Amino acid sequence: MTTDLFDLSDGEPWQEPVGEGVVVLRRFARNTAPDLVQAIGKVASKAPFRHMVTPGGRSMSAAMTCAGELGWVTDRSGYRYQSTDPESGLLWPEIPESFKELARNAAEAAGYRGFVPDACLINRYQRGARMGLHQDKDEQEFSWPIVSVSLGLPITFQFGGPRRSDKPVKILLEHGDVVVWGGPARLFYHGVLTLKAGHHPLTGSCRYNLTFRRAG
DNA sequence: AAGTCCCG
DNA sequence: AAAT
């Protein structure tokens with residue numbers, strides 16, 4: 001029997017407010033996802049994914065690369081944005097047009113008109129990879145939001161408060177979901193739990209996350 | 001110097 | 001298994 005009243009699989013994206021300044025745009029990037037994944041491959045052909053080392057000397061489980069005028073990097077000396085890839089000395093690849101358009105549209109849907117990111121961090125999670133609770137606070141200003149796009153396998157996102165000790169809410173993020181946080185939530189702690197093994201038709205065994213920022 | 005986008 |  002058909003139950004199209006409850007079948008949202010081909011419907012429009014919808015929004016779920018998480019808290020003041022935080023919204024999940026469910027399936028917002030679903031239609032452009034194939035283009036986004038292809039563009040990730042092009043960026044990675046110029047600036048390959050790598051496991052950066054934190055100031056504590058440990059390697060991050062998520063592999064990262066960047067696009068844009070500025071890229072986020074970490075090494076033993078700290079966390080920072082810089083215009084060049086430390087592995088090659090070259091400028092980071094440009095942010096693909098499909099990325100910029102999505103970031104602008106998602107920010108606008110969340111109430112931020114005219115978002116033009118100058119930094120895109122691309123994270124690749126494979127089985128076992130995670131991201132501990134942290135703040136995005138290496139940018140020069142915090143008036144623009146963070147726009148975070150999930151592609152491929154699902155993962156549990158945690159979104160906390162201004163102090164690490166604030167209990168985070170858990171949100172399952174699936175393919176095409178976009179989270180936007182800004183205003184009072186701009187500096188809130190967030191992270192993701194360990195990625196479980198799985199298979200996705202577009203990305204295979206991994207999850208990609210694009211985060212767009214205005215860093216400079 | 002402090003804190004840690006890390007680990008156990 | 002997650003939280004601390």
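In this predicted model, seven strands come together as an open sheet, lined up in the order S1-S2-S11-S8-S13-S6-S3, and the pairing is antiparallel. Strands S1 (14–19) and S3 (63–68) sit at the edges with a single partner strand each, so one side of each is left without a neighbour in the sheet. On average, neighbouring strands of this sheet are turned by 20 degrees against each other, direction ignored. As background, strands of a sheet pair through backbone hydrogen bonds, and they can do this either parallel or antiparallel.

To see the pairing up close, take strand S8 (residues 146–152) and strand S11 (residues 178–181): they run antiparallel and are joined by four bridges. Along this pair, Val147 of S8 stands opposite Val180 in S11.

Two helices lie across this seven-stranded sheet. Helix H1 (residues 33–46) lies across S3, strand S6 (119–125), S8 and strand S13 (207–213), and its direction makes an angle of about 95 degrees with S8. Helix H2 (residues 97–109) lies across S1, strand S2 (22–26), S6, S8, S11 and S13, this time at about 120 degrees to S8. Strands S6, S8 and S13 turn up in the list for H1 and again in the list for H2.

There is a second open sheet, made of four strands in the order S7-S12-S9-S10, and here too the pairing is antiparallel. S7 and strand S10 (169–173) take the edge positions; each has a single partner strand, so one side of each is left without a neighbour in the sheet. From one strand to the next, the twist averages 20 degrees. Within this sheet, strand S9 (residues 155–159) and S10 pair in the antiparallel sense over five bridges. One residue to look for is Thr156, whose bridge partner in S10 is Leu172.

Then there is a hairpin, formed by S4 and S5 with two residues between them. Strand S4 (residues 71–75) and strand S5 (residues 78–82) run antiparallel, with five bridges joining them. One of the bridge pairs puts Asp75 together with Gly78 of S5.

Next comes the DNA. Which residues come nearest to DNA strand B? Of the 15 residues around this strand, the nearest are Arg58, Tyr79, Gly132, His134 and Asp138. Sugar and phosphate make up 69% of the atoms of DNA strand B that come within 4 Å of the protein. Sorted by class, the surface near DNA strand B has six nonpolar, five polar and four charged residues. Its largest share, three residues, comes from strand S7 (residues 131–134), which is also an edge strand of the four-stranded sheet.

Some individual contacts with DNA strand B are worth picking out. Gly132 has a backbone N or O atom 2.6 Å from a phosphate oxygen of DNA strand B. A phosphate oxygen also lies 3.3 Å from an N or O atom in the side chain of Tyr189. With Gln135, the partner is a base: a base nitrogen of DNA strand B is 3.2 Å from a polar backbone atom of this residue.

Finally, a few loop residues deserve a look. Arg27 is found in the loop between S2 and H1. Although Arg27 is not a glycine, it has a positive phi of about 60 degrees. Is Arg27 buried or exposed? Its relative accessibility is 19%, and the cut-off for buried is under 20%, so Arg27 counts as buried.

Thr203 belongs to the loop between strand S12 (190–192) and S13. With a relative accessibility of 11%, Thr203 also counts as buried. Leaving aside neighbours within four places in sequence, Thr203 is in contact with Val37, Leu151, Gly152, Leu153 and Tyr208. A polar atom of the Thr203 side chain lies 2.7 Å from the backbone oxygen of Cys206. Thr203 and Gln38 are 165 residues apart along the chain, and their C-alpha atoms are separated by 10.0 Å.

Gly183, in the loop between S11 and S12, is partly exposed, with a relative accessible area of 43%. Between Gly183 and Leu121 there are 20 Å in space, C-alpha to C-alpha, for two residues that are 62 residues apart in sequence.

Note on methods:
Residues numbered from 1 in each chain as written. Chains lettered and ligands numbered in written order. Predicted model: local features only at pLDDT ≥ 70, side-chain atom pairs only at ≥ 80, totals over all residues. Heavy atoms only, no water. Pairing = 2+ DSSP bridges. Axes fitted to C-alpha atoms, helices over the stretch in contact; angles between N-to-C directions. Contact = heavy atoms within 4.5 Å. Near = heavy atom within 4 Å. Polar contact = N/O pair within 3.5 Å; in protein donor to acceptor, adjacent residues only side chain to side chain. Nonpolar A, V, L, I, M, F, W, Y, C, P; charged D, E, K, R; others polar. Buried < 20%, exposed > 50% of the residue type's maximum accessible area, 1.4 Å probe, protein only.
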